[in-house]
Amino acid sequence: MALGVVAVSVPVLAHPQPKSAVVYAVKDGETLSGIAKRFRVSLKALIEANGLQRPDALHLGQRLVIPSGGVKAAPRGPARTPVRAPAHFVLDVPDLDGGAPLFRWPLEGAISSPFGRRRNRWHAGIDIQAEMGTPVFAAAGGTVAFSGREKFYGRVVKLEHDDGFMTVYAHNLQNFVETGAAVEAGQVIATVGRTGRASTYHLHFEIRGNGKVFNPIFLLPRREPPEDDQAP
Ligand SMILES: [Zn+2]
């Protein structure tokens with residue numbers, strides 16, 4: 001009498017990941033929602049991708065798979081030489097304890113160059129593409145700290161806001177405000193040009209605060225569809 005051989009197939013329950021998924025190591029003090037925000041993925045997708053039982057209990061160095069769809073995915077291909085960001089650059093979602101003005105977009109347009117590392121230097125703002133003469137709006141109310149010309153920025157407006165914040169609008173064709181004047185949020189303060197170090201018509205926009213420069217993307221209202229994070 002022959003013994004029957006029974007083949008048992010055991011389904012493997014894993015969390016399948018696309019090959020492009022990015023693995024991220026949790027840093028000190030980070031929260032899951034902060035990481036989700038940073039990578040532009042939903043909290044739910046992040047929890048599911050990692051099969052997290054206790055999303056509230058992250059630990060330092062914990063490896064998280066960032067599901068595809070996160071637009072801030074690390075570059076593929078050969079790793080680039082790591083270069084330390086200048087100390088005053090805040091690359092992540094800033095932890096501001098609520099102490100920041102509500103900013104609005106200074107104009108509509110595609111981001112032609114994002115904040116952060118460029119080939120050989122660091123970009124302290126974002127470049128927003130627009131045609132010559134497009135109005136530039138104050139991102140928040142405040143006072144004009146400077147309106148004039150500088151070598152790199154060309155014709156530039158710098159506005160002071162609450163909580164130690166400042167916004168910078170550079171390469172303008174015209175400035176419409178004078179140093180010392182009060183401006184309201186949404187007021188037209190300049191027009192888009194290519195003065196100073198600029199090869200195309202665009203607005204170079206910065207958000208600074210208390211000695212640091214922030215990625216404006218994290219402080220501006222979310223736009224649909226996202227046009228940022230494109231390679232320059
Ligand atoms: Zn720029």
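Which residues does valine 157 touch, not counting residues up to four places away in sequence? The legends below take up this question and then turn to other parts of the predicted model.

**Figure 1. Surroundings of valine 157 in strand S10.** Valine 157 lies in S10, the strand that spans residues 154-160. Not counting residues up to four places away in sequence, valine 157 touches Val144, Ser147, Tyr169, Asn172, Asn175, Val177, Ile189 and Ala190. The residue is classed as buried because 26 C-beta neighbours lie inside 10 Å, and 20 or more is the cut-off for that class. Glutamate 178 is 21 residues away from valine 157 in sequence, and the two C-alpha atoms are 8.7 Å apart in space.

**Figure 2. The largest nonpolar core.** This core has 31 residues, and those with the most contacts inside it are Ile128, Val136, Tyr169, Ile189 and Leu203. Two or more residues each come from strands S7 (126-129), S10, S11, S13 (188-192), S14 (202-209) and S15 (212-214). S11 gives the most to the core, with 4 residues. Nonpolar side chains tend to be buried together in soluble globular proteins.

**Figure 3. Contacts of valine 136.** Leaving aside neighbours within four places in sequence, valine 136 is in contact with Pro106, Leu107, Tyr169, Asn172, Val188, Ile189, Ala190, Thr191, Val192 and Leu203. A second, separate core has 9 residues, among them Ala36, Leu46, Ala49 and Ile66.

**Figure 4. Strand S2 and its pairing with strand S1.** Strands S1 (residues 22-25) and S2 run antiparallel and are joined by 4 bridges. Tyrosine 24 has leucine 64 of S2 as its bridge partner. Within S2 (residues 63-66) the side chains alternate: Leu64 and Ile66 are buried and point to one face, whereas Arg63 and Val65 point to the other and are not buried. In a regular strand, side chains alternate between the two faces of the sheet.

**Figure 5. Positive phi at aspartate 163 and at histidine 171.** Most residues other than glycine have a negative phi. Aspartate 163 has a positive phi, near 60°, and is placed in the loop between S10 and strand S11 (165-175). Aspartate 163 is exposed, because 12 other C-beta atoms lie within 10 Å and the exposed class covers counts of 12 or fewer. The phi of histidine 171 is also positive, near 70°, but histidine 171 is found in strand S11 itself. Histidine 171 counts as buried, because there are 26 C-beta neighbours inside 10 Å.

**Figure 6. The whole chain and its confidence.** The protein contains 2 helices and 15 strands. Of its 232 residues, 28% count as buried. Among the contacts with a separation of 6 or more, 67% link residues 24 or more positions apart. The mean pLDDT is 82, and 81% of the residues reach 70 or more. Residues 1-5 have pLDDT below 50, and this stretch has 0 contacts in the model beyond near neighbours in sequence. Residues 7-19 also have pLDDT below 50, and this second stretch has 6 contacts beyond near neighbours in sequence.

Definitions and conventions: Residues are numbered from 1 along each chain as its sequence is written. This is a predicted model: local features need pLDDT of at least 70, side-chain atom pairs count only at pLDDT 80 or more; totals for chains, interfaces and linings use all residues. Two residues are in contact if their C-beta atoms, placed from the backbone, lie within 7 Å. A nonpolar core is a set of buried Ala, Val, Leu, Ile, Met, Phe, Trp, Tyr and Cys residues joined through C-beta atoms within 7 Å. pLDDT is the predictor's confidence in each residue, from 0 to 100. Two strands pair if DSSP finds at least two bridges between them.
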